[in-house]
Every structure is written in C-alpha cells, then in structure tokens.
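Good morning, and thank you for coming. I would like to take you through one structure, beginning with a helix, moving to a ligand, and ending with charged pairs.

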Amino acid sequence: MRRSLRESSLAYLLLLPALAIFGVFTFYPFLENFRLALYENPPFPGLPSHYVGLSQVGSVLGSTGFHQSLVSTFLFVIMVVPCGLLGGLALAVAAHQKLAGMSIYRTIFSSTVVSSVAVAAVVFGTLMDPVVGLLPWLGINPTPPILSNPTWALPAVALIAIWQFLGLSFIIMTAGLQSLPEEVLEAARLDGAGGWTMFWRITVPLLSPSLFFGVVVGTIYAFQSFGQIDILIGPQNAAFTHTNVLLYYVYNALSVQNNPGLAAVLSIVLFTILLVLTLVQFRFLERRVHYASD
Amino acid sequence: MASVTFSGVTKRFDDVVAVNALDLEVADGELLVLLGPSGCGKTTALRMVAGLEEVTDGDLAIGDLRVNDLAPKDRDVAMVFQSYALYPHMTVQRNIEFPLKRQGVAAAERSSRVLEAATTLGLDELLERKPGQLSGGQRQRVALARAIVRAPRVFLMDEPLSNLDATLRVQTRSDIVAIQRRLGTTTIYVTHDQVEAMTMGHRIAVMRNGALEQVASPTDLYDRPATAFVASFLGSPGMNLLAATGFTGHDGTPGLRAAGAELPWPDGFSRQPSGDVTLGFRPEAASLGSEGLDARIILVERLGAETHLICSLADGERVVVRQRDRQSSHQISDHVRIRIDTDQIHLFDAESGLRLGEGT
Ligand SMILES: Nc1ncnc2c1ncn2[C@@H]1O[C@H](COP(=O)(O)OP(=O)(O)OP(=O)(O)O)[C@@H](O)[C@H]1O
Ligand SMILES: [Mg+2]
C-alpha cells in the first residue's frame with residue numbers, strides 16, 4: 001500500500017507539467033471566458049469594465065455584425081468541407097491505382113498538410129493579384145479585384161482552405177481505401193459491378209467511416225480557419241464584412257476593438273456551435289456509417 | 001452450364017510459380033474438388049477461372065470460349081469466398097439481389113428469385129438483417145444464396161466451410177452437394193480437407209507445388225493412388241510409406257525387404273531393375289500378429305469406434321495401425337509385430353514417387 005501511494009504520487013508529479021500547461025493555456029482561459037462574457041467594456045479603452053450579467057450575450061446575439069459573421073462562417077464551412085472531402089477522395093482514388101511512381105503523387109497530394117497557412121495565403125494571394133496574378137492573366141479579373149470583392153473574397157479564401165484541407169482529406173481517404181476488404185470488391189466485380197456502380201454502391205459505403213471522420217475533422221478545421229483571412233483580407237478591406245467568420249471576429253473583437261467581453265461571448269458561441277454540430281454529426285450521420293463487423 | 005478446361009495453364013508471381021502447366025478438364029455438370037496442402041496453388045487456379053488473376057501462360061476455357069482475356073463480369077461465374085465477402089452495408093435481401101440487379105433483371109422476377117434462393121438455404125426469415133447480425137453459418141449460406149441466385153455457368157468455391165464449426169460443416173457440406181446435384185452446375189470446389197474432398201467430389205484433383213498429381217474419382221484415388229504423395233495425403237491417417245528393396249530369392253521368386261522383414265513381391269506391380277521402391281499400405285491393411293515387422297508402440301489414439309496405434313520400427317520409421325476394435329488392450333511402449341496384408345500393398349518408385357506399373 002505504501003509503495004502504491006509512493007508510485008501514484010510519482011505519477012502525479014510526472015503529470016504535473018502537462019497538467020500545468022493544460023491548466024494555464026486551456027482550462028483557465030476556457031472558464032475565464034464565461035466570466036468575461038458577463039462584463040461589458042466601455043466604448044473607450046482605459047475605463048473599467050462593469051458587470052452586466054447576461055445582457056451582453058443577448059445584445060451580441062442580436063447584432064447585425066454577429067448575424068453577418070454567422071452567415072459568412074456557414075457559407076465558408078459549406079464550401080470547404082464538401083469540396084475538400086470530395087477532392088481528397090478523388091485524388092485518393094486516382095492515387096490508389098496500382099501504377100508505377102504512385103508514391104510520388106501520394107507525397108505531393110498529402111504535402112498540403114505540412115505547408116503553412118501563411119505560405120499558402122501568400123502564394124494564392126499572388127495568384128489572385130489583380131496586376132501580377134495568374135487568375136487575372138487567365139481573364140478572371142472582376143472589379144473590385146477578387147480579394148476585395150464582396151462576392152468573391154469569401155470563395156477565394158475558402159479555396160485556400162480547401163487546398164490546405166486536401167492533404168489531410170487525401171490521407172484519410174487513402175487510409176480508408178487501403179483498408180477496404182479486397183474480397184468484397186472482388187465479389188462485386190464477379191457479380192457484374194462496373195466502375196461506376198462499384199464506386200457508388202460498394203466503395204463509398206464501405207468508405208463511410210473515413211468519410212464520416214473526414215466530415216467531423218473538416219468541419220472543425222473550417223470553423224477554425226483564420227490565417228488566410230488575416231493575411232489576405234483584414235479589417236481595412238472593403239470586402240471584410242463578408243469574410244468576417246466567427247473565429248476572425250473573436251480575434252478582431254479582442255485585438256482591434258479591444259473588447260474582451262464581446263470576444264468572450266463570440267468564442268462561447270463558436271464553442272457551442274462546434275459542440276452541437278459534432279454531437280449532431282455523431283447522432284445522425286454515424287447511423288449511416290458501416291463499420292466493418294467481420 | 002459449361003465445362004472448364006485448363007490447357008498448360010501457368011501462373012507466376014514474380015519468381016514464385018503458383019500454378020505450373022496445369023492440364024485439367026472439369027466436365028459439364030461435374031463437382032470437381034481441388035485438393036492439396038497449403039500453398040500448392042489451389043486458390044490461384046480458382047481465381048484464374050474467376051478472372052481475378054491473370055493467366056501467365058497457357059489457355060483457360062469455359063465451354064468452348066477461351067477466357068484468358070475476358071473480364072470477370074463477362075465470364076458468368078459465381079464465387080464463394082472463404083471470408084464470405086458479403087456486402088456489409090446491404091441487407092441479406094440486397095446482398096442476394098445485387099448480381100441480379102447488375103444483370104438488369106426486372107424487379108418482380110428479382111424478388112421471386114431472391115426468395116427462392118433464400119428459401120432453398122433457409123434464409124427467408126433473415127432477409128432484412130445485415131451481415132453483421134448473422135452467425136458464421138448464416139453468412140456462409142447468404143454467400144451461397146448470392147452465388148446460386150444468378151444461375152451461373154460455373155460455381156467456384158474456395159474453402160467455403162473452413163470457418164464453420166465441425167457440426168455445421170458436415171451439414172453445410174451435404175447442403176452444397178444437394179444443391180449442386182439438383183442444379184447440375186459445373187463446380188470447382190477448393191479444400192485442403194480430404195474428408196470434404198472424398199464426400200463431395202465427383203472427382204478429386206490433387207495438387208502439389210502448383211502441379212497436378214492425379215485426378216480421379218474419390219474411390220480410385222484412395223484405392224489406386226498414382227503417386228506416393230497422393231497416397232500419404234489421402235486418408236486419415238494417410239498411407240504408411242516405407243523404404244523397401246526388391247530382391248530375388250534362392251528359388252527365383254521375387255521378394256521385398258523392408259524394415260528388416262521379408263515379404264513376397266505383391267501381384268500387379270512390374271519388377272524394378274534398380275530395386276529401390278517405396279512400400280505403401282493403409283493403416284487398415286496392417287494388423288498386429290505373431291510375425292511381421294518389429295515395432296514398438298509410441299502412441300495409442302482411441303477414437304471410440306476404432307483405435308490408432310502409432311508405432312516406431314527398428315530404424316525409426318513410423319507406421320500407423322488401425323484397429324476396428326474399441327477396447328484395444330495395447331499400451332504405449334509394448335513391443336509388437338506388424339503384419340501387412342499383401343493384397344493391399346502399393347508400390348511406388350523410390351525416386352519419382354510414381355506408382356509402379358501393372359505387370360508380372
Ligand atoms: N498475390 C500473390 N503474390 C505473390 N505470391 C502469391 C500471391 N498469391 C499467391 N502466391 C503464392 O502462390 C502460391 C500458391 O498460393 P495459393 O494461395 O494458390 O495456395 P493455396 O493452395 O490456395 O493454399 P491455402 O490452402 O493455404 O489457401 C503460394 O506459394 C503463395 O505464396
Ligand atoms: Mg487458398
């Protein structure tokens with residue numbers, strides 16, 4: 001008994017650094033949010049904030065800025081998740097062919113996972129630049145220019161997010177394809193399934209665990225996209241209100257508007273949306289998933 | 001319905017020769033069992049018929065049609081896999097229906113054919129279940145139903161019973177035979193279980209190292225094995241094989257010397273100039289007596305209806321003696337003499353393993 005007590009105290013001691021880091025950087029800020037949300041900051045920085053209870057939550061949720069941000073966020077997610085997943089699936093299917101040199105393509109396709117948001121943003125920013133960019137050169141040159149165009153700015157940053165998500169999505173789909181039961185696919189070939197039927201009736205259903213995982217991960221990824229918008233658009237941009245997704249709004253509220261109360265309310269809302277969406281996905285989507293049982 | 005013909009069919013995987021110049025004809029309506037030890041190329045031969053494996057060399061024909069380059073779906077063959085390979089996301093109904101849908105069979109006919117196949121295999125209560133909710137034996141029957149519903153020209157079955165328990169295996173075995181006899185569909189059935197082979201096949205093809213050793217009816221195979229390998233592979237336990245030498249006695253009568261004992265040269269085998277032969281006899285052709293090969297019992301296996309005595313000869317060779325008698329009184333390390341029924345002796349060439357020819 002004494003020994004096990006010594007052992008467990010040693011275990012806690014060893015866990016301490018990790019717990020401390022989590023505590024300081026995750027648990028404490030998470031809880032502090034709920035406190036901050038109850039305090040309103042005065043319009044002029046420097047004056048003390050004062051307790052307003054839940055009224056601030058109500059006023060934020062009712063504001064036009066929040067509504068616009070919510071719409072932008074959902075549009076962004078709806079563009080990024082399906083395109084990223086289907087793109088990754090298409091690449092994975094292409095790279096799944098047993099051809100020489102496929103490993104090179106696999107490396108290329110999965111490389112977006114390790115490329116930084118900043119680099120991707122700068123590269124795409126250049127491609128879309130109205131003067132030196134590739135897209136204008138191809139004749140795609142709306143006025144105002146893409147990245148400050150209220151209609152095109154959001155799809156443009158979504159495109160970058162899709163591109164970045166492709167790598168992870170490709171890896172998830174490739175892993176899924178490689179673990180498909182070979183004999184089931186062979187049985188389907190013998191039963192007369194051609195390429196199209198094979199893909200939609202057999203491969204995709206068998207791949208549903210990977211697709212589901214991809215949807216969950218992709219949704220969270222899309223909700224947390226931030227870098228592209230910060231680097232390419234920013235609050236001075238004319239199209240800003242159309243690209244002000246929730247996470248960016250949080251950042252903006254805090255560091256530009258200097259309003260911790262607003263930021264706290266927004267991040268609680270973001271957290272709630274993600275939590276609810278993930279639960280809904282598990283509740284409804286997972287029912288259609290077939291985990292191999294034999 | 002159709003025959004299946006292998007003419008010099010070879011399959012190489014890089015440097016492994018899985019099937020080596022196989023010549024075999026499966027007759028229309030026949031159930032042919034492919035039997036052999038693990039890794040001898042049975043699955044590979046079957047998969048070539050299905051079109052899942054390309055033929056490296058030789059010709060493969062179904063009916064009169066050379067199918068080497070025909071896609072699997074155009075061969076009109078159905079396969080039952082060892083893993084069953086059911087579609088896990090479809091109900092039993094849809095699993096069985098799947099090949100019919102691909103053939104474009106109309107909905108009304110589809111459901112009546114599915115129901116008929118399901119009823120044949122006792123699955124009519126389970127049509128709405130998914131494979132994950134079925135027992136191993138039930139999954140096996142769904143796989144069979146999916147094969148028979150198509151009424152294909154050829155059935156291919158790769159060890160379909162090996163995942164079932166002993167009782168279920170015996171029952172499903174007779175179900176498969178009954179269905180095959182009723183439908184009369186040409187069937188190639190792969191197994192390494194010789195009881196399955198003996199009880200199911202019209203003929204058995206024994207393979208070894210990718211090549212065909214012998215193809216014959218079960219009784220012919222048992223009674224007149226063409227090689228020492230076939231002799232030892234068939235039967236449980238297999239045939240006893242001893243190194244022996246032919247000699248001519250003082251009076252000119254030929255004889256056989258094995259394990260220190262002398263036997264008369266058996267009828268029906270031509271004499272061998274070199275002298276070295278392999279002597280074979282089944283466990284039931286041996287009995288214990290007052291004369292014969294000197295041996296010591298090293299293991300007694302009592303199986304209920306019969307007893308197997310595993311004996312070691314003076315030079316260490318093993319011999320199994322089967323006794324029909326339930327209460328064999330023999331014990332481990334008893335010294336015994338083994339008498340061989342000379343009418344039931346088989347002789348093989350010591351080098352090639354081939355059965356010695358008929359003659360005097
Ligand atoms: N895809 C493959 N690539 C390389 N070698 C293979 C492949 N498939 C089979 N082989 C080899 O070919 C030989 C025959 O294999 P096969 O699966 O036909 O044996 P089998 O008689 O079915 O054995 P078992 O009774 O164990 O199923 C083996 O040596 C095996 O290693
Ligand atoms: Mg096999």
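Let us begin with α1 of chain B, where eight of the nine residues are buried, so this helix is largely enclosed by the rest of the structure. Please keep in mind throughout that we are looking at a predicted model. The buried residues of α1(B) are B:K42, B:T44, B:A45, B:L46, B:R47, B:M48, B:V49 and B:A50. After the helix comes B:G51, which has a positive phi, near 90°.

I turn now to the ligand. Which residues surround ligand 1? On chain B they are B:F13, B:V16, B:A18, B:S38, B:G39, B:C40, B:G41, B:K42, B:T43, B:T44, B:E159 and B:H192. Sorted by class, this shell comprises four nonpolar, six polar and two charged residues.

Several polar atoms of the protein approach the oxygen atoms of ligand 1. At B:G39, a polar backbone atom is 2.7 Å from an oxygen of the ligand. At B:G41, a backbone N or O atom lies 3.0 Å from a ligand oxygen. B:E159 takes part through its side chain, with a polar atom 3.4 Å from an oxygen of ligand 1. As for the surface, ligand 1 taken alone exposes 630 Å², and the protein buries 61% of that. Two elements of chain B, β2 (16-26) and α1 (42-50), give two or more residues each to the shell. The helix with which we began, α1(B), gives the most, with three residues.

The last topic is charge. As a general matter, side chains of opposite charge can pair when their charged atoms come close. Over all chains, the structure holds 19 salt bridges, and I shall discuss three of them.

The first pair is A:D191 with B:R150, whose side chains meet in a salt bridge at 3.3 Å, N to O. Why does this pair join two chains? A:D191 lies in the loop between α8 (182-190) and α9 (195-206) of chain A, while B:R150 lies in the loop between α4 (136-148) and β7 (154-158) of chain B, so the bridge links one chain to the other. Both partners are buried: A:D191 has a relative accessibility of 7%, and B:R150 has a relative accessible area of 5%.

The next pair is within chain B, where B:R66 forms a salt bridge with B:D69 and the closest N and O atoms are 3.5 Å apart. Are these partners buried or exposed? B:R66 counts as partly exposed, at 45% relative accessibility, and B:D69 counts as exposed, at 71%.

The remaining pair is B:R322 and B:E284, with the closest N and O atoms of the salt bridge 2.9 Å apart. B:R322 belongs to strand β18 (residues 318-323) of chain B, and B:E284 to the loop between β14 (276-281) and β15 (286-289) of chain B, so the bridge ties together parts that are 38 residues apart in sequence. Here B:R322 is buried, at 13% relative accessibility, whereas B:E284 is partly exposed, with a relative accessible area of 28%.

Finally, salt bridges that share partners join A:D191, B:D76, B:R146 and B:R150 into one network. The pair between the chains, A:D191 and B:R150, thus appears again as part of that network.

Thank you for your attention.

Conventions. Residues numbered from 1 in each chain as written. Chains lettered and ligands numbered in written order. Predicted model: local features only at pLDDT ≥ 70, side-chain atom pairs only at ≥ 80, totals over all residues. Heavy atoms only, no water. Near = heavy atom within 4 Å. Polar contact = N/O pair within 3.5 Å; in protein donor to acceptor, adjacent residues only side chain to side chain. Areas by Shrake-Rupley, 256 points an atom, 1.4 Å probe, with all protein chains shown as cover. Helix = DSSP H or I, 4+ residues; strand = E, 2+ residues; numbered from the N terminus. Nonpolar A, V, L, I, M, F, W, Y, C, P; charged D, E, K, R; others polar. Salt bridge = Lys/Arg side-chain N within 4 Å of Asp/Glu carboxyl O. Buried < 20%, exposed > 50% of the residue type's maximum accessible area, 1.4 Å probe, protein only.
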